[in-house]
Amino acid sequence: TGELHAEDVNGLTFHMPPCMDQLHTELRNAQHLRHGGRMQYGLFLKGIGLPLEQALLFWQKAFGKHTAEQFNKEYAYNIRHSYGMEGKRTDYTPYSCKGIIMGSTPGPGDHHGCPFRHWPAAKLRDSLSARGLDDFDKEDVMQFVQGHHYQLACTRYFEVTRAMKMGILTETLQGGLVEGGKSRVASQETIEHPNQFFEQSYLLFR
Ligand code: SF4
């Protein structure tokens with residue numbers, strides 16, 4: 001066990017749902033995230049067990065273009081605030097899928113939100129292909145998206161990508177590779193919360 005450290009976060013991205021993985025990637029690329037993204041990703045990280053002092057280290061390092069002084073002045077307060085250490089001392093909880101899906105629509109330059117809800121279909125399809133989904137699984141996910149069942153799309157995505165990681169590529173060729181693996185992946189609960197996605201995945205590969 002033991003607590004999570006700032007440097008552990010990079011190694012956990014496989015277990016993150018697409019909404020958080022995109023924020024992590026964008027943060028790495030731009031060394032910055034706008035407020036909506038910082039809140040969505042920051043509270044998620046808090047939810048997976050990143051304590052306040054490690055969160056401050058994580059964000060300061062991630063915002064590498066900023067001096068320590070700038071970081072402390074512009075961002076550290078908000079991070080402490082979201083951990084309930086400033087202002088009214090509300091201990092904020094990570095956003096649920098419903099909160100993210102129904103929440104503010106990301107504008108240009110924003111990376112918060114739910115890819116299944118907020119991305120154009122072509123971008124979503126490309127990203128599913130990049131994750132190795134074949135046409136059949138991709139269209140399966142897209143059917144849910146087109147029916148506005150975003151959390152079911154995410155659940156299907158979870159099942160397909162976790163099964164691939166376990167080496168259950170096709171039933172005929174590799175079905176026997178992980179005994180009972182496919183049913184283990186498929187028996188997961190519907191995704192209601194990004195932290196649930198993370199925990200389910202983490203437990204599956206423990
Ligand atoms: Fe994230 Fe939930 Fe959307 Fe999945 S359904 S990408 S966990 S907000």
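## Two domains and the interface between them

Let's start with confidence: the chain averages a pLDDT of 91, and 90% of the residues score at least 70. Keep in mind as you look around that this is a predicted model. One stretch deserves some caution, since over residues 170-179 the pLDDT stays under 50. For that stretch the model has nine contacts beyond four places in sequence.

Now for the overall layout. The domain assignment splits the chain into domain 1, covering 6-82, and domain 2, covering 97-204. If you place a point at the C-alpha centre of each domain, the two points are 23 Å apart.

How do the two domains meet? On one side, 19 residues of domain 1 take part, and they are in contact with 24 residues of domain 2. The size of an interface is often given as the accessible area lost when the parts come together. Here, the area buried between domain 1 and domain 2 is about 1,900 Å². Carbon and sulfur atoms give 63% of that area.

There is polar chemistry across this interface too. The rule finds nine residue pairs in polar contact between domain 1 and domain 2, with both residues at pLDDT 80 or more. On the domain 1 side, helix H1 (18-30) and helix H2 (35-47) each supply at least two of the residues that touch domain 2. H1 provides the largest share of that side, with seven residues. Sorted by type, the residues on this side of domain 1 comprise 10 nonpolar, six polar and three charged.

Next, the charged pairs. A search of the whole structure finds nine salt bridges, and across the interface of domain 1 and domain 2 the rule finds two. Which residue does Asp21 pair with in a salt bridge? The partner of Asp21 is Arg131, with the closest N and O atoms 2.6 Å apart. Asp21 lies in helix H1, while Arg131 sits in the loop between helix H7 (121-130) and helix H8 (135-146), so this pair ties together parts that are 110 residues apart in sequence. Another salt bridge to look up joins the side chains of Arg34 and Asp110, at 3.6 Å from N to O.

Note on methods: Residues numbered from 1 in each chain as written. Heavy atoms only, no water. Domains from an automatic or database assignment. Contact = heavy atoms within 4.5 Å. Buried area = accessible area lost by both parts, 1.4 Å probe. Salt bridge = Lys/Arg side-chain N within 4 Å of Asp/Glu carboxyl O. Polar contact = N/O pair within 3.5 Å; in protein donor to acceptor, adjacent residues only side chain to side chain. Helix = DSSP H or I, 4+ residues; strand = E, 2+ residues; numbered from the N terminus. Nonpolar A, V, L, I, M, F, W, Y, C, P; charged D, E, K, R; others polar. pLDDT = per-residue confidence, 0-100.
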